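This briefing covers the ligand site, the salt bridges, a buried helix and a surface patch of one protein model. Please read it alongside the sequence and the 3D view.

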Amino acid sequence: MADAAKPLQGKRIIVGVSGGIAAYKTPLLVRLLVKAGAEVMCAVTEHALQFVTELTLETVSGNRVYSQLFDRSNPHSTEHISLKDWGDAMVVAPATANIIGKMASGIGDDALSTLLLSFRKPLFICPAMNTQMLESPALQRNLDYLRANGAVVVESTSGELACGTTGNGRMEEPERIVEQMIASLADHGGERFKILITAGPTYEKIDSVRFIGNFSTGKMGFALAEEFARRGCKVYLVAGPTHLEVHHPDIERIDVVSAREMYEAATTLFPSCNAAILSAAVADFRPEHEADHKIKKQSDKDDMTLHLVQNPDILATLGRMKGEKQLLAGFALETDSELENAKKKLEKKNLDFIVLNSLHDKGAGFGYDTNKVTVIDRSGNIDAGTLKSKQAVASDIADKLLKYCKT
Ligand code: CTP
C-alpha cells in the first residue's frame with residue numbers, strides 16, 4: 001500500500017495549462033502533486049505563458065516544460081507521442097472553453113491539444129472561465145461528451161471572477177483538485193471506497209406477459225455509478241430493467257427485475273459497502289398473486305380488480321442496518337410540500353442526505369438527460385441546484401458524499 005504521506009508515489013502526472021487567469025494557481029497545484037509523491041511534467045499552450053512563466057513551472061516541477069510542437073532541442077522532441085507514454089494521468093488546470101472545445105472535437109493544433117488528443121489514460125479537467133461561457137450550451141455539451149468518455153471534470157466553484165462579476169467559473173482550489181486526483185489514482189490497498197447504487201425502475205409481474213412498472217430510465221443512477229467509478233471507487237450497481245449500458249470496468253452490475261429482487265441484492269451488498277445511494281424508482285406495491293399464465297378477459301365482466309400488497313422499503317431497511325461509519329443517501333420524488341416531505345423522509349429512513357426531485361421542474365426527472373435537484377442533509381443544510389446534465393448532477397452528488405466521508 002502507498003505511503004500515506006505520499007499517496008501519489010511512483011505516479012507520473014502531466015499538468016496541462018491553458019490560457020486563463022487561474023493559471024497563476026497552477027504552480028501551487030504542481031507543488032502539491034510533487035509533495036504527494038508524483039513526478040510532474042507541464043505541457044502548456046502559448047496563451048498559458050501570458051499568465052505563468054515557463055521558468056516558474058520548470059522550477060516547481062523540476063522538469064522541462066513542453067510548449068512547442070516542433071522543438072527539437074527538447075529531450076521529448078516528439079512529445080505528443082513520448083509524453084503520452086510517460087504520463088500515468090493528466091490534469092488540465094485551468095481548462096479554458098477553448099481547450100475543452102478542442103478536446104471534445106479532436107483538434108490538435110498545438111503542443112497541449114495534440115498531446116491531449118493522443119492521451120488515453122485518466123484525465124482530469126478543471127474548467128475556469130466566465131459564468132456565461134461556462135453555462136453556454138456548447139461548453140456544457142463538450143463537458144458532457146468528455147465525461148461520457150471517461151474524463152473527470154473537477155467542477156468549478158462560485159465566487160469573484162477575473163471579469164469583475166461574481167458567479168460560477170472559478171477553478172477549484174489546487175488542494176481540492178489534488179484530493180480528487182488522490183481519490184482516483186492512489187493505491188488504496190484493501191481500503192478502497194465501496195459504494196452501492198440502485199437505479200432504474202422495478203417491474204412487478206401481474207401474469208406471464210404483463211407487469212406494473214414506471215417511467216424511470218435509470219439515467220441518473222447510471223451517471224452516479226460512472227462518476228464514482230471515475231473517482232476510484234468500487235461500484236455495485238443494482239439495476240432494474242433498462243437498456244442502459246455501463247462503461248467503467250470498476251462497476252459491477254447486478255441486474256434485477258422486481259422490488260423484492262432489488263431488496264435481496266441491496267441488503268446483501270450493503271454491509272460490505274462504505275456508502276449507498278438509492279436512486280431507483282421502486283414500485284411501492286406488487287400484485288398479491290402473480291398468474292403463471294396470461295390472464296384472459298372474462299366476457300361476462302367489464303371490470304377487473306387487481307389486489308396489491310406493499311413491497312419492502314429498501315432504503316428504510318438500509319437505514320436500519322446502517323453502521324456508524326456508513327453513509328446513506330436517498331432520492332425523493334415529490335409533487336407537494338416538497339422540502340417538508342423530503343426532510344420527513346430523511347428522518348424517517350435514517351439518511352445522511354436526500355436528493356429532492358420536483359416534478360414541477362421542466363427538464364427534470366424521468367427520461368430527461370437533465371435534472372434539477374435540491375440536496376438536504378441531516379444538519380438541515382439545503383443546497384438548491386440549477387438545471388444541469390445528469391452527469392453534472394452526479395458529479396455534484398459525488399463531491400457532497402465524498403466530502404461527508406471526511407467530516
Ligand atoms: N425506495 C426504496 N424502496 C421502496 C421505495 C422507495 O428503496 N420500496 C427508495 C427510493 O429508491 C428513493 C426513496 O426511497 O431513494 C424515496 O422514494 P419515493 O418514492 O420518493 O418515496 P417513498 O418512500 O416510496 O414514499 P412516497 O411514495 O409515499 O412518497
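The points below are grouped by topic. The model is predicted. The structure holds 23 salt bridges, and a ligand is surrounded by 14 residues.

**Ligand site**

- L278, A280, F331, K345 and K349 come nearest among the 14 residues around the ligand.
- A polar backbone atom of A280 is 2.6 Å from an oxygen atom of the ligand.
- The side chain of K345 has an N or O atom 2.8 Å from an oxygen atom of the ligand.
- I314 makes its contact through the backbone, where an N or O atom lies 3.0 Å from a nitrogen atom of the ligand.
- On its own the ligand has 570 Å² of accessible area, and the protein covers 76% of this.
- Two elements, α11 (314-321) and β16 (327-334), give two or more residues to the shell around the ligand.
- Of the elements, β16 gives the most to that shell, with four residues.
- Sorted by class, the shell has nine nonpolar residues, one polar residue and four charged residues.

**N311, in the loop before α11**

- N311 sits in the loop between β15 (308-310) and α11.
- N311 has a relative accessible area of 7%, so this residue counts as buried.
- A polar atom of the N311 side chain lies 2.8 Å from the backbone oxygen of A283.

**Salt bridge between E173 and K25**

- The side chains of E173 and K25 form a salt bridge, with an N to O distance of 3.2 Å.
- E173 lies in the loop between β7 (166-170) and α8 (174-185), and K25 lies in the loop between β1 (12-17) and α1 (26-35), so this pair ties together parts that are 148 residues apart in sequence.
- The partners differ in exposure class: E173 is partly exposed, with a relative accessible area of 29%, whereas K25 is buried at 12%.

**Other salt bridges**

- K102 and D109 form a salt bridge in which the closest N and O atoms are 2.7 Å apart.
- K102 counts as buried because its relative accessibility is 11%, and a residue is called buried when this value is under 20%.
- E227 and R231 are also joined by a salt bridge, with 2.9 Å between the closest N and O atoms.
- Are the partners E227 and R231 buried or exposed? E227 is buried, with a relative accessible area of 1%, and R231 is buried as well, with a value of 4%.
- E227 and R231 belong to one network with R230 and D399, joined by salt bridges that share partners.

**Helix α5**

- Why is helix α5 (residues 111-118) described as largely enclosed by the rest of the structure? Seven of its eight residues are buried, so the helix is largely enclosed.
- The buried residues of α5 are A111, L112, S113, T114, L115, L116 and S118.

**Nonpolar surface patch**

- F215, L333, L359 and F366 make a nonpolar patch of about 440 Å² on the surface.
- F215 is located in the loop between β10 (211-212) and α9 (219-230).
- F215 has a relative accessible area of 72%, so this residue counts as exposed.

Methods: Residues are numbered from 1 along each chain as its sequence is written. This is a predicted model: local features need pLDDT of at least 70, side-chain atom pairs count only at pLDDT 80 or more; totals for chains, interfaces and linings use all residues. Side-chain values use heavy atoms; hydrogens and water are left out. Patches are made of residues with over 30% relative accessible area and no salt bridge: like charges are joined within 9 Å, nonpolar side chains (Val, Leu, Ile, Met, Phe, Trp, Tyr) within 5 Å. Accessible areas come from the Shrake-Rupley method with a 1.4 Å probe; for residues, only the protein chains shown count as cover. A salt bridge is a side-chain nitrogen of Lys or Arg within 4 Å of a carboxyl oxygen of Asp or Glu. Buried means under 20% relative accessible area, exposed over 50%, partly exposed in between (1.4 Å probe, protein chains only). A residue is near a molecule or strand if one of its heavy atoms lies within 4 Å of it. A polar contact is a pair of N or O atoms within 3.5 Å; within protein, one must be able to donate a hydrogen and the other to accept it, and residues adjacent in sequence count only if both atoms are side-chain atoms. Ala, Val, Leu, Ile, Met, Phe, Trp, Tyr, Cys and Pro count as nonpolar, Asp, Glu, Lys and Arg as charged, and the others, Gly among them, as polar.
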